[in-house]
Amino acid sequence: MSSTQATVLAIFGIAAAFAVGSFICVVIDRMPVLLDEPDRFGDLYGMRPWNEVLGGSSRCSSCGEPIRAIDKVPVISWLVLRGRCKGCGSRIPAFHPLVELAVPASCVAVVVGMGWGWHVVPVLWLVPVAIAV
């Protein structure tokens, strides 16, 4: 593989990792739901059905305003908006850019540590899952 091909592959891989990191933020944010009263095990949080976690468009958790596509660019949008909702001005949690940065950084660390090859692909699938957990 030439250095140009490797550079292009790295750029697309990192961009894909940023997109996966943004998706993992959505999963983390939507997964638990606060219960009105503890369940039979004493837990205060329950799980949403997967169609609610994976479906639907992103909205501000304070005002419910839909988030436009231009405001969904990983890390950059959070910085441009100064960590606040464009509609109501409420704070957007700092874990969003941290997770969006952690996924590509971890993927790069895995590739550097293990080297590039087919053996690294299963590990790269586990990186976002591990970060979400």
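**Note on the pockets and cysteines of a predicted model**

1. The largest pocket has a volume of about 900 Å³, and this value, like the others in this note, should be read with the knowledge that the model is predicted. The lining of this pocket is made up of 37 residues, and those that lie nearest its centre are Ser58, Arg59, Ile67, Ile92 and His96.

2. Three helices each supply at least two residues of the lining of the largest pocket, namely helix 1 (3-30), helix 3 (76-80) and helix 4 (95-114). Helix 1 gives the most to this lining, with 6 residues. When the lining residues of the largest pocket are sorted by class, 16 are nonpolar, 9 are polar and 12 are charged.

3. Histidine 96, one of the residues nearest the centre of the largest pocket, is found in helix 4. Is histidine 96 buried or exposed? Its relative accessibility is 16%, and because buried means under 20%, histidine 96 counts as buried. If residues up to four places away in sequence are not counted, histidine 96 touches Cys25 and Asp29.

4. The second largest pocket holds about 600 Å³ of space and is lined by 20 residues. Gly13, Ala17, Cys107, Trp116 and Leu124 are the lining residues that lie nearest its centre. Helix 1, helix 4 and helix 5 (121-132) each supply at least two residues of this lining, and helix 1 gives the most, with 9 residues.

5. It is worth looking at the classes of residue here as well. In the lining of the second largest pocket, 19 residues are nonpolar and 1 is polar, while none is charged; for the largest pocket, by contrast, the lining includes 12 charged residues.

6. How many disulfides does a search of the whole structure find? The search finds 0. A disulfide is a covalent bond between the sulfur atoms of two cysteines. For cysteine 88, the closest cysteine sulfur is that of cysteine 63, at 3.7 Å, and this is too far for a bond because the two sulfur atoms of a disulfide must lie within 2.5 Å. Cysteine 88 has a relative accessible area of 40%, so this residue is described as partly exposed.

7. Cysteine 107 is likewise in no disulfide, since the nearest cysteine sulfur, which belongs to cysteine 25, is 14 Å away. With a relative accessible area of 14%, cysteine 107 is buried, because this value falls under 20%. Cysteine 107 is also one of the residues that lie nearest the centre of the second largest pocket, whereas Cys25 is one of the residues that histidine 96 touches.

How values were computed:
Residues are numbered from 1 along each chain as its sequence is written. This is a predicted model: local features need pLDDT of at least 70, side-chain atom pairs count only at pLDDT 80 or more; totals for chains, interfaces and linings use all residues. Side-chain values use heavy atoms; hydrogens and water are left out. On a 1 Å grid over the protein atoms alone, a cavity is a set of points where a 1.4 Å probe fits but cannot get out, and a pocket is an open set with protein on both sides within 12 Å along at least five of seven lines; lining residues have an atom within 4 Å of a point. Grid points are joined across faces, edges and corners, and a volume is the space filled by probe spheres set on the points. Helices (H or I, at least four residues) and strands (E, at least two) are DSSP runs, numbered from the N terminus. Ala, Val, Leu, Ile, Met, Phe, Trp, Tyr, Cys and Pro count as nonpolar, Asp, Glu, Lys and Arg as charged, and the others, Gly among them, as polar. Buried means under 20% relative accessible area, exposed over 50%, partly exposed in between (1.4 Å probe, protein chains only). Contact means heavy atoms within 4.5 Å.
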